[in-house]
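Trainee: I would like to go through the labels on this model one by one. Please show me how each one is earned.

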Amino acid sequence: MYADRYTQPTRFNPGGLTAAVAINAGLIAALMFAGPKILPNDPIRTLITTNIPIDPPPPEPPKPQPKTAEVVASRPTETIVAPDPIVPTPSTSDLATTTTIVPTPPTPIVGSDPGPLVIATPTPLPPLIGPQVDPRYAGAFQPVYPPAERRANRDGKVTVRVLVGTDGRVKQIERLTATSDAFWQVTQERALRYWRFKPATRGDVPVEAWRTMALTFRMEDAG
């Protein structure tokens with residue numbers, strides 16, 4: 001009820017619409033007449049440019065060189081030039097006068113045939129004469145009867161091998177057989193101390209040689 005009192009009806013104004021249309025038409029006409037005028041056959045204009053010289057930049061300061069490079073640069077470089085060897089070239093005259101002598105084969109000499117090869121036979125060594133018992137010491141060859149074997153009333157036998165030196169003495173003795181150690185012991189001691197031989201000889205030259213000796217121990221001889 002209160003709204004109806006303040007509400008007014010809308011009315012159409014023809015004069016305002018006409019004014020708006022006239023204003024828009026005027027603006028369009030102004031824009032059309034204000035545009036740039038394009039002239040036909042516009043002359044071509046050339047742009048001419050000129051280079052302006054610019055001063056060159058200042059040179060860069062020298063860089064410090066390493067010490068090793070300075071040392072190497074300060075050393076002089078030695079160049080060794082070896083002269084070409086001089087090879088003498090023989091002249092044509094040397095080549096012309098040089099002659100080669102071909103030796104002629106030797107002619108066989110009649111009657112110079114040495115004959116069949118003869119191999120010399122070595123001279124055989126003189127025979128060896130073995131050592132012999134010296135008669136002056138023959139009584140000293142028999143050893144003393146061992147006391148233990150005598151009490152046992154036992155006979156014995158010993159066979160030994162002795163090396164006789166150039167002076168006739170026994171240098172070494174080897175046991176071959178023995179009835180007991182007691183018989184061998186007295187025989188060894190006797191041979192080294194009292195046995196004497198005539199040394200062996202080869203061509204009247206005394207040499208060392210071995211000889212085998214056999215000794216017998218009997219109770220009837222000991223009494």
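**Labels and their cut-offs**

Mentor: Start with glutamate 149, which is buried, with a relative accessible area of 5%. Keep in mind that this is a predicted model.

Trainee: Why is glutamate 149 called buried?

Mentor: Buried means under 20% relative accessible area. Glutamate 149 has 5%, so the label holds.

Trainee: What makes arginine 154 and glutamate 149 a salt bridge?

Mentor: The rule asks for a side-chain nitrogen of Lys or Arg within 4 Å of a carboxyl oxygen of Asp or Glu. Here the N to O distance is 2.5 Å. That satisfies the rule, so the pair counts as a salt bridge. In general, side chains of opposite charge can pair when their charged atoms come close.

Trainee: And why is arginine 154 called partly exposed?

Mentor: Its relative accessibility is 42%. Partly exposed lies between the 20% and 50% limits, so that is the class for this value.

Trainee: How many salt bridges are there by this rule?

Mentor: The count comes to five. One of them joins glutamate 208 and lysine 171, with the closest N and O atoms 2.5 Å apart.

Trainee: Why does the pair of glutamate 208 and lysine 171 tie together separate parts?

Mentor: Look at where they sit. Glutamate 208 lies in the loop between strand S7 (206-207) and strand S8 (209-217), and lysine 171 lies in strand S4 (residues 170-178). The parts are 37 residues apart in sequence, so the pair ties them together. Glutamate 208 is partly exposed, at 43% relative accessible area.

Trainee: What makes arginine 136 and aspartate 134 a salt bridge?

Mentor: Their closest N and O atoms are 2.9 Å apart. The limit is 4 Å, so the pair passes.

Trainee: Is arginine 136 buried or exposed? And aspartate 134, buried or exposed?

Mentor: Arginine 136 has 70% relative accessible area, so it is exposed. The cut-off for exposed is over 50%. Aspartate 134 has 6%, so it counts as buried.

Trainee: On to the rings. How many aromatic pairs does a search of the whole structure find?

Mentor: Six. Among them is the pair of phenylalanine 141 and phenylalanine 197, with 5.4 Å centre to centre and 90° between the planes.

Trainee: Why is the pair of phenylalanine 141 and phenylalanine 197 called edge-to-face?

Mentor: Ring centres must lie within 6.5 Å, and planes over 60 degrees apart count as edge-to-face. The values are 5.4 Å and 90°, so both conditions are met. Phenylalanine 141 lies in the loop between S2 and H5, and phenylalanine 197 in strand S5 (residues 197-198). The pair therefore ties together parts that are 56 residues apart in sequence.

Trainee: How do you know that phenylalanine 141 and phenylalanine 197 are buried?

Mentor: Phenylalanine 141 has 9% relative accessibility. Phenylalanine 197 has 4%. Buried means under 20%, so each value qualifies.

Trainee: What makes tryptophan 195 and phenylalanine 197 an aromatic pair?

Mentor: The distance is 6.4 Å centre to centre. The limit is 6.5 Å, so the rings pair. With 80° between the planes, the arrangement is edge-to-face. Tryptophan 195 is buried, at 0%. Ring pairs link Phe141, Trp195 and Phe197 into a cluster.

Trainee: How do you know that arginine 161 lies over the face of tryptophan 210?

Mentor: Arginine 161 is 4.0 Å from the ring centre. The distance limit is 6 Å, with a separate limit on the angle to the ring normal. Arginine 196 likewise lies over the face of tyrosine 137, at 5.9 Å from the ring centre.

Trainee: Why is threonine 187 called buried?

Mentor: Its relative accessibility is 0%, so it counts as buried. Threonine 187 lies in helix H6 (residues 181-194). Beyond residues up to four places away in sequence, it touches several others, including Pro143, Trp195 and Phe217.

Trainee: And what makes proline 146 buried?

Mentor: A relative accessibility of 4%, set against a cut-off of 20%. Proline 146 lies in the loop between strand S2 (132-133) and helix H5 (147-151). Leaving out residues up to four places away, it touches Ala182, Phe183, Val186 and Phe217.

Trainee: How much of the chain counts as buried?

Mentor: Of its 223 residues, 15%.

Methods: Residues are numbered from 1 along each chain as its sequence is written. Side-chain values use heavy atoms; hydrogens and water are left out. Helices (H or I, at least four residues) and strands (E, at least two) are DSSP runs, numbered from the N terminus. Buried means under 20% relative accessible area, exposed over 50%, partly exposed in between (1.4 Å probe, protein chains only). Contact means heavy atoms within 4.5 Å. Rings of Phe, Tyr and Trp (its six-membered ring) pair if their centres lie within 6.5 Å; planes under 30 degrees apart count as stacked, over 60 as edge-to-face and the rest as tilted. A charge sits over a ring if NZ of Lys or CZ of Arg is within 6 Å of the ring centre and within 35 degrees of the ring normal.
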